[in-house]
Amino acid sequence: MRSVRVWFQKIGAARYISHLDLSRCIARAAQRAKIPLWYTKGFNTHAYLTFALPLSLGFYGLRESFDFRIEGEISNEEIKERLKKALPRDLPILDVTEPVMKSSAITFASYEIKIDCDNPDELSEQFQNMMKKEHLVAPKHTKSGWIDLDIRPEIQKFLIKKTETGILIDVLLPAGNQFNLNPSLILTCAEKEFSFSKQAEIVRTELYDSSFKRFV
């Protein structure tokens, strides 16, 4: 028995699949692909399948991963090709590797926030002025209920670029099992600061450890 890490993207309509349904989809695809999965023992047996860091509903993911255990002889390349054929096109497989880091090492995540608008210069200036503030308070849901959280000191990077259709905001935020900051809270603050009301597309691009090394 050995563990493998499968790298994939969550794009298109797949970004609206819940985490639970995504787990079921992948487990069934692996069964159809005749990948020799290892199953847990006991009354409710199921395939061992763990995700590095679940993605919020509606977000795109460009470099997501999950681990599973396999029994028998099968190469990583064969697993990759079989899963490619078994999964829908909005869940493309990028690679299959040996796990290097534990998911508990994940500490940060980078995101792109894409906003279409007719006035990119004005909107860019509004966001930049907002980021000059010492405090940015947004409501955050925790296990013990809702709290008012100052997200400003948690934002590690905030860069704005103009695009052909609007602006793109590149941010680096805390992520992981200990503390996770949803990038949508930045938009929540924008709604309060300057009545921001446009739709935004949020893409998670990478995961990093505490030393800002890429999660592998």
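These are my notes on how the two domains of this predicted model meet.

Entry 1, ground rules. I number residues from 1 along each chain as its sequence is written, and side-chain values use heavy atoms, with hydrogens and water left out. Because the model is predicted, local features need pLDDT of at least 70 and side-chain atom pairs count only at pLDDT 80 or more, while totals for chains, interfaces and linings use all residues.

Entry 2, the chain. I looked up the secondary structure and found 4 helices and 10 strands (DSSP runs: H or I of at least four residues for helices, E of at least two for strands). Of the 216 residues, 44% count as buried, meaning under 20% relative accessible area with a 1.4 Å probe, protein chains only.

Entry 3, the domains. I have domain 1 at 2–100 and domain 2 at 106–208, with bounds from an automatic or database domain assignment. Their centres, taken over C-alpha atoms, are 29 Å apart. Domain 1 gives 11 residues to the contact and domain 2 gives 15 (contact: heavy atoms within 4.5 Å).

Entry 4, the area. The two domains bury about 1100 Å² between them, with 58% of it on carbon and sulfur atoms; this is the accessible area (1.4 Å probe) that two parts lose on being put together, summed over both. Leu53, Phe59 and Tyr60 supply 56% of what domain 1 buries against domain 2, more than any other three residues.

Entry 5, charges. I found 2 salt bridges between the domains (a side-chain nitrogen of Lys or Arg within 4 Å of a carboxyl oxygen of Asp or Glu). Arg63 forms a salt bridge with Glu206, with the closest N and O atoms 3.1 Å apart.

Definitions and conventions
Buried < 20%, exposed > 50% of the residue type's maximum accessible area, 1.4 Å probe, protein only.
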